[in-house]
Amino acid sequence: MKTHHQIIIVGGGTAGIMTASLLLKKSPLLDVAIIEPSDTHWYQPAWTLVGAGSFNYNRTKRPMVSVIPKNAKWIRDSVVSFDPENNIVITGSFKNYSYDYLIVCPGLKLDTSLVAGLPNAIDKGVVCSNYTNPNHTWQVIKNFKGGTALFTQPPKPYKCGGAPQKIMYLADDYFKKHNLKDKTKVVFATSGDALFSVTEITETLKKIVNRRGINVKFEHELKKIDSKNQIAWFKVTEGFKEMNPTEVELHDKDKLVGIKYDMLHLVPPNTAPDFIKNSPLVDNSKWVDIDPYTLQHRKYPNIFSLGDVSNLPTSKTGAAIRKQAPVVVYNLINLIELKKLSNKTYNGYSSCPFITGYGKMVLAEFDYDKNFTPDPKLMKRLFIKDSSQEHWRLWVLKKYILPYLYWNKLLKGIEI
Ligand SMILES: Cc1cc2nc3c(=O)[nH]c(=O)nc-3n(C[C@H](O)[C@H](O)[C@H](O)COP(=O)(O)OP(=O)(O)OC[C@H]3O[C@@H](n4cnc5c(N)ncnc54)[C@H](O)[C@@H]3O)c2cc1C
């Protein structure tokens, strides 16, 4: 069995498949292997809609074999460690694979162990997360009969900056449509100190939150869950800001503040996978250490990284990967053919389709400096003047157009 490949890609998720397909489209004779243990490829961005009963979960997955490019080799194994000095990766079945170039993109880990009580509470009863089981979220929302609906947001970085909030807007809309609003208090307890990082979007979200009377508690970091008594415990910054204060049952113990809930949607803390954290590839924050513009590893020039596992200081999304993959591909091909990088660079572009209710969406597109950067071509095609305002056509984009483009263009190596 061949154990050397010109290019090895670690991970066949959004980043791995987009990059492999684009590489082979540009240069079909490259010898590319993808090390990926799972037999299923997921389209996670639709999980927000699944959690609100507006998308079929089975349509968010496809067999891995159907997305791996035909001229790439699939090694069905997991990487457990790296020896970058000798250009070797070691897998779970004790095999060593050597490479000329390596692309590292195994995504991130949802670390439930960082919140006391969470491993036992998650996805059971009234505790749910779109990040782990969006079908359960939908059951919890459907079965909610009123009371405190609590939504939390972990400290950055976590994948998809808006996802912890989007499901709250959808749930709030669902409660309104089912005449539950009068007996419901929707509370958003976020570890951040603002609703979002892009001014234009934040202004819109503020108006939505005020219009719907959602209680936002800033600087609340989830530390513990007492699922028996339905209390979520937070570390709270003294003098924290609040929007639309409302009366909810509060507790106080061991310097933590407890909020009693009748349903809880949360996002487990996001970290790099353990085999990445323990590798020589990471920076002090334990994410893969790459140049933010060229996406080349800072210490090992034959290694690139992209996607959720990288230390890029932008929001971790599939939309960001759409712009990162071409930079990795052009740089790598240039490095192979001309021994130098291309002049293509990444500007931190990321985007967050902020669903604000059934049939409504705001589109946050931005760069490293948090400038609002709507794509003029897309706006023209959708006949939209200002994507920082809610629009039904943006919902159509999210629900129908983006999934189509993902499976049929981006995963096939077609740049859009
Ligand atoms: C609820 C939710 C909503 C979201 N909404 C949006 C949105 O609206 N828009 C948007 O753009 N993005 C959204 N995202 C984020 C987006 O899905 C991720 O940013 C994207 O999938 C990251 O791609 P990735 O390739 O880095 O990781 P992944 O797609 O997670 O893939 C990682 C792959 O690596 C493999 N792997 C893991 N360990 C190993 C190992 N040891 N060896 C080899 N392979 C390994 C895994 O099996 C997996 O296939 C959302 C995510 C969630 C959870």
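This report walks through a predicted model, from its domains and ligand shell to its cores, one helix and a few backbone details.

**Domains**

The domain assignment divides the chain into domain 1, made of residues 4-108 + 272-347, and domain 2, made of residues 111-265. Their centres, taken over C-alpha atoms, are separated by 32 Å, and the contact involves 12 residues from domain 1 and 16 residues from domain 2. On the side of domain 1 that touches domain 2, the residues divide into five nonpolar, five polar and two charged.

**The shell around the ligand**

There are 36 residues around the ligand, and of these G11, G13, Q44, G107 and G307 come nearest. Both domains take part, since the shell draws at least three residues from each of domain 1 and domain 2. Among the helices, α1 (14-26), α2 and α9 (318-338) each supply at least two residues of this shell. In composition, the shell around the ligand divides into 18 nonpolar, 14 polar and four charged residues.

**Nonpolar cores**

The largest nonpolar core has 65 residues, and those with the most contacts inside it are L150, A171, A232, L264, F354 and A364. Helix α6 gives the largest share of this core, namely eight residues. Because domain 1 and domain 2 both give residues to this core, it lies between them. When residues up to four places away in sequence are not counted, F354 touches G162, K166, I201, M361, V362, L363 and A364. A second, separate core has 52 residues, and M18, I276, W287 and I290 are included in it.

**Helix α5**

Helix α5 covers residues 134-143, and within it P134, T137, W138, V140 and I141 are buried. Seen down the axis of α5, these buried residues fall within an arc of 160°, so they line one face of the helix. On the other side of α5, by contrast, K142 and N143 are exposed. Which elements do the buried residues of α5 pack against? They pack against two helices, α2 (47-51) and α6 (163-177), and against two strands, β10 (127-128) and β19 (263-265).

**Backbone details**

Most residues other than glycine have a negative phi, and most peptide bonds are trans. Against that background, two residues with positive phi and one cis peptide bond can be described in turn.

N87 has a positive phi although it is not a glycine, and its place is in the loop between β6 (79-83) and β7 (88-91). Q230 likewise has a positive phi in a residue other than glycine, and Q230 is found in the loop between β14 (220-226) and β15 (231-236). The table sets out the values for these two residues.

| Residue | Phi | Other C-beta atoms within 10 Å | Burial |
|---|---|---|---|
| N87 | about 55° | 18 | partly exposed |
| Q230 | near 55° | 22 | buried |

Is Q230 buried or exposed? With 22 other C-beta atoms within 10 Å, Q230 is buried, because a residue counts as buried if 20 or more other C-beta atoms lie within 10 Å of its own. N87, with 18 other C-beta atoms within 10 Å, is partly exposed.

The cis peptide bond joins K156 and P157, with an omega of about -5°. P157 has its place in the loop between β11 (147-153) and α6, and α6 is the helix that gives eight residues to the largest nonpolar core.

Key. Residues are numbered from 1 along each chain as its sequence is written. This is a predicted model: local features need pLDDT of at least 70, side-chain atom pairs count only at pLDDT 80 or more; totals for chains, interfaces and linings use all residues. A residue is buried if 20 or more other C-beta atoms lie within 10 Å of its own, exposed if 12 or fewer, and partly exposed in between; C-beta atoms are placed from the backbone. Helices (H or I, at least four residues) and strands (E, at least two) are DSSP runs, numbered from the N terminus. The arc is that of the directions from the helix axis to the C-beta atoms. Two residues are in contact if their C-beta atoms, placed from the backbone, lie within 7 Å. A residue is near a molecule or strand if its C-beta atom, placed from the backbone, lies within 6 Å of it. Ala, Val, Leu, Ile, Met, Phe, Trp, Tyr, Cys and Pro count as nonpolar, Asp, Glu, Lys and Arg as charged, and the others, Gly among them, as polar. Domain bounds come from an automatic or database domain assignment. A nonpolar core is a set of buried Ala, Val, Leu, Ile, Met, Phe, Trp, Tyr and Cys residues joined through C-beta atoms within 7 Å.
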